[in-house]
Amino acid sequence: MLKPGAADRVLAGHPWVYAGSLLRLTTPAEDGALVQIKDHRQRFLGVGFYNSKSKIQVRVLDPVRVTVDAGFFLERIRAALVVRQKHLPGASSFRVVNAESDFLSGLIIDKYADVLVLQISSLGMEQRKPMIVQALQTLFSPRAIVERSDAAFRKFEGMPEANGLLFGTLEGPVRIEMNGLKFEVDILGGHKTGLYLDQQRNYQLVANLANQGQVLDCFSFLGGFGLHCARAGAARVHGLDQSAEACAAATRHAELNGLGHKWSVETANVFDWFKARTAVAPHERVIPAFDAIILDPPSFTRTRAAVEDALRGYKEIHLRALKLLKPGGTLATFCCSHHVDAMLFESVILEAAFDARRVLRRVASFSQSPDHPILPSVPETEYLKGFAYEAAR
């Protein structure tokens, strides 16, 4: 039962019930159990998984009474797949289930060609893992199903990390196609579940804008943005990433796609690299070198308390990037922190433009790919935002 006033959030569609919203349990419940949720007047609100060890003590699954069995997961995953087939027709690699966005809080499923990757962050889902695997086998007949539940937030549910092969066989990287380009994904040992699927549509959109001259791809990872730009017509693309392994993988991808002659990459801290190339003596000026610059950094903040520090980092990197951007050039920039919204992100970019004495013309706005759906009633489902600007002056 929920406290007075706590039901509205659930009725509006938010699946998280925090410990502070609970009035009482009418009967004892095991952690991970499916429970009914009612308001303080005993009116039924839905069912969800309970966990006394978590700050999110109930994760709502449905506003009606449902039986959570293999058939439930089969139906819900199939419904999520229909959304992807509608909005990303022809894609062979994508996020199949995006947790709260697909009414399966605590469950993420990514598809890389014929291999599926599972990430579980709630105890209720963990206890029903065999049902989930069974549903995936029925729907996809995959070559392998891998678990990559190594995220730190599992500890908040009282669960250890869990990684490994759940079904089938897998040796070496998995070769996939994304927007017609070939990539090799290290699913068992790579970053996150292997690749940044949330930028799939943006790779092509940015390439349509940054397709000429010299392009700088910062935080290039496996080369997603840079190689799309090279294929679209850029004369030369230079990638920057602090991971030597990622740089080597990006170079392999360039060769794999016949773009090696346009591609170079450097293992470097992007902030330090920018600082070294924009430091000039008094009365000297920086000579802009790039026709397009792409900034796709990892999140600078995981908590609301660290937002101010993150904003300073965002301003610094945009200020230095703008100094290296040629007049008329394109800046494509992204922020993947939920705690920094689009308006705040753009305000920091404009502060940097002011300090760099540049006037920007916004030419595009970006969001996460449609396989990472956004429910406005659940603000946490929206995290990725981005903009493209031309240096008007």
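## A salt-bridge network

Salt bridges link Glu126, Lys129, Glu147 and Arg154 in a network. The model is predicted. One link in this network joins the side chains of glutamate 147 and lysine 129, at 2.7 Å from N to O. This pair connects distant parts of the chain. Glutamate 147 sits in strand E8 (residues 144-149). Lysine 129 belongs to helix H4 (residues 129-140). The two residues are 18 apart in sequence. Both glutamate 147 and lysine 129 are buried.

## Other salt bridges

The structure holds 19 salt bridges. Among them is the one between the side chains of arginine 59 and glutamate 100, with an N to O distance of 3.6 Å. Arginine 59 lies in strand E4 (residues 56-62), and glutamate 100 in the loop between strand E5 (93-98) and strand E6 (107-112), so this pair ties together parts that are 41 residues apart in sequence. Arginine 59 is buried, and glutamate 100 is buried too.

Glutamate 184 and arginine 175 form another salt bridge. Their closest N and O atoms are 3.0 Å apart. Are these two partners buried, exposed or partly exposed? Glutamate 184 has a relative accessible area of 23%. Buried would require under 20%, so glutamate 184 counts as partly exposed. Arginine 175 reaches 47% relative accessibility. Exposed would require over 50%, so arginine 175 is partly exposed as well.

## A seven-stranded open sheet

Seven strands make up an open sheet with mixed pairing. Their order is E14-E13-E12-E15-E16-E18-E17. Which strands form the edges? They are strand E14 (263-267) and strand E17 (360-367), each of which pairs on one side only. From one strand to the next, the twist averages 15°.

Within this order, E12 stands next to E15. Strand E12 (residues 214-218) and strand E15 (residues 290-295) run parallel, and four bridges join them. One residue pair can be named here: leucine 216 has isoleucine 293 in E15 as its bridge partner.

## A helix across the sheet

Helix H7 (residues 244-256) lies across strand E13 (236-241) and E14. Its direction is about 175° to that of E14. Angles here run from 0 to 180 degrees between N-to-C directions, so helix H7 and E14 point in nearly opposite directions. E14 is also one of the edge strands of the sheet.

Terms used:
Residues are numbered from 1 along each chain as its sequence is written. This is a predicted model: local features need pLDDT of at least 70, side-chain atom pairs count only at pLDDT 80 or more; totals for chains, interfaces and linings use all residues. Side-chain values use heavy atoms; hydrogens and water are left out. A salt bridge is a side-chain nitrogen of Lys or Arg within 4 Å of a carboxyl oxygen of Asp or Glu. Buried means under 20% relative accessible area, exposed over 50%, partly exposed in between (1.4 Å probe, protein chains only). Two strands pair if DSSP finds at least two bridges between them. Contact means heavy atoms within 4.5 Å.
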